[in-house]
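Hi everyone, thanks for making time for this. I'd like to walk you through a structure that is probably new to you, so please have it open as I talk.

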Amino acid sequence: MSEIIPIGESAGRRREVLRFLRATAKPTSILAIADALGVHPNTVRFHLDVLVGNGQVEQVAPDRKGPGRPPLMFQAVRQMDRGGTRHYRMLAEILSTALAAERNSEMKALAAGRAWGMRMESPSDGDTGAEEAVDRLFDMLDELGFAPERRAANGDAQIGLRHCPFLELAETRTEVVCPIHLGLMQGAMETWGADVTVDRLEAFVEPDLCVARLRAPGAAEETAR
């Protein structure tokens, strides 16, 4: 029977199996791994199945010298560990801090967001009408985690944003993060050929609300000064 291992310990054991294979210069059998780590072969087999599925370990052709069925042999795939810790927030903080120190940082952030927004898929049937474009923008913002809601004020359509996927950065680097969001929306609308655009983005008009204001391009005011 195989041993029952708690989830946290199981992940640690899997890392041990991977580290052992990386330190081993030649393909190794399940029994050899089990002996080296002092665990049951079924435990090693379970972790190898996961590691092979993740592309971190590969099964190799066995050495067929001698009688009998040769054992299954495994070796680590030579690559960086894709299951390791990520620190994307630190990277975002580094880049936003560097951008904030640049001259015209707000305009550069706006341009960066617009360039990314223009990568959004265009409709196959040409330009998009205002209503359809707003629907597409709403769906895009929802997918990106902005928790959008439809609003209106003084006859102008708005989209309220109840969640910021970059909240901590937006609170400390508003002058960079918010223009990126605005540019993202503007670039998408431009790519869709919409006859409406996002005129401006008002950050934190309430503690839990930012507001994107929509207007026809001809009536849009300057978004940054």
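Let's start with helix α3, which runs over residues 41–53. This helix has 13 residues, and from its first C-alpha to its last it reaches 18 Å, close to the 18 Å expected at 1.5 Å a residue. I should say right away that we are looking at a predicted model.

Which residues of α3 are buried? They are T43, V44, H47, L48 and L51. Those residues cover an arc of only 130 degrees around the axis, and therefore sit on the same side of α3. The general background is handy here: an α-helix has 3.6 residues a turn, so residues three or four places apart point the same way. Now turn to the other side of α3, where D49 and G53 are exposed. Just after this helix comes G55, with a positive phi of about 80 degrees.

Now for a second helix, α8, covering residues 174–191. It has 18 residues and reaches 25 Å from first C-alpha to last, close to the 26 Å expected at 1.5 Å a residue. Why is α8 described as largely enclosed by the rest of the structure? Because 14 of its 18 residues are buried. Just after α8 we again meet a glycine with a positive phi: G193, at about 65 degrees.

On to the strands. There is an open sheet of 3 strands, in the order β1-β3-β2, with antiparallel pairing. Its edge strands are β1 (28–29) and β2 (57–60), each of which pairs on one side only. Between β2 and β3 (residues 73–76), the antiparallel pairing runs over 4 bridges. If you want a place to look, find V57, which stands opposite A76 in β3.

Further along the chain, please find β7, residues 209–215. Is this strand mostly covered or mostly open? Mostly covered: 5 of its 7 residues are buried. β7 pairs with β6 (residues 197–206) in the antiparallel sense over 6 bridges, and the two form a hairpin with 2 residues between them. One bridge there joins E202 to V211 in β7. β7 also pairs with β5 (residues 156–161), again in the antiparallel sense, over 4 bridges. R213 is a nice residue to click on, as it is the bridge partner of R200 and also of Q158.

Let's step back to the whole protein. It holds 8 helices and 7 strands. Of its 225 residues, 34% count as buried. The protein exposes about 14,000 Å², and carbon and sulfur atoms supply 53% of that. Among contacts between residues at least 6 apart in sequence, 53% join residues at least 24 apart.

Finally, how far can we trust the prediction? The mean pLDDT is 87, with 86% of the residues at 70 or more. Among the elements, helix α5 (residues 105–117) has the highest mean, 96, and helix α1 (residues 7–23) the lowest, 84. Where does pLDDT stay under 50? One such stretch is residues 1–7, for which the model has 10 contacts beyond four places in sequence. Another is residues 220–225, with 11 contacts of that kind. Where pLDDT is low, the predicted coordinates should not be read in detail.

That's my tour, and I'm happy to take questions.

How values were computed:
Residues numbered from 1 in each chain as written. Predicted model: local features only at pLDDT ≥ 70, side-chain atom pairs only at ≥ 80, totals over all residues. Heavy atoms only, no water. pLDDT = per-residue confidence, 0-100. Contact = heavy atoms within 4.5 Å. Expected span 1.5 Å × (residues − 1). Buried < 20%, exposed > 50% of the residue type's maximum accessible area, 1.4 Å probe, protein only. Arc of directions from axis to C-beta. Pairing = 2+ DSSP bridges. Areas by Shrake-Rupley, 256 points an atom, 1.4 Å probe, with all protein chains shown as cover.
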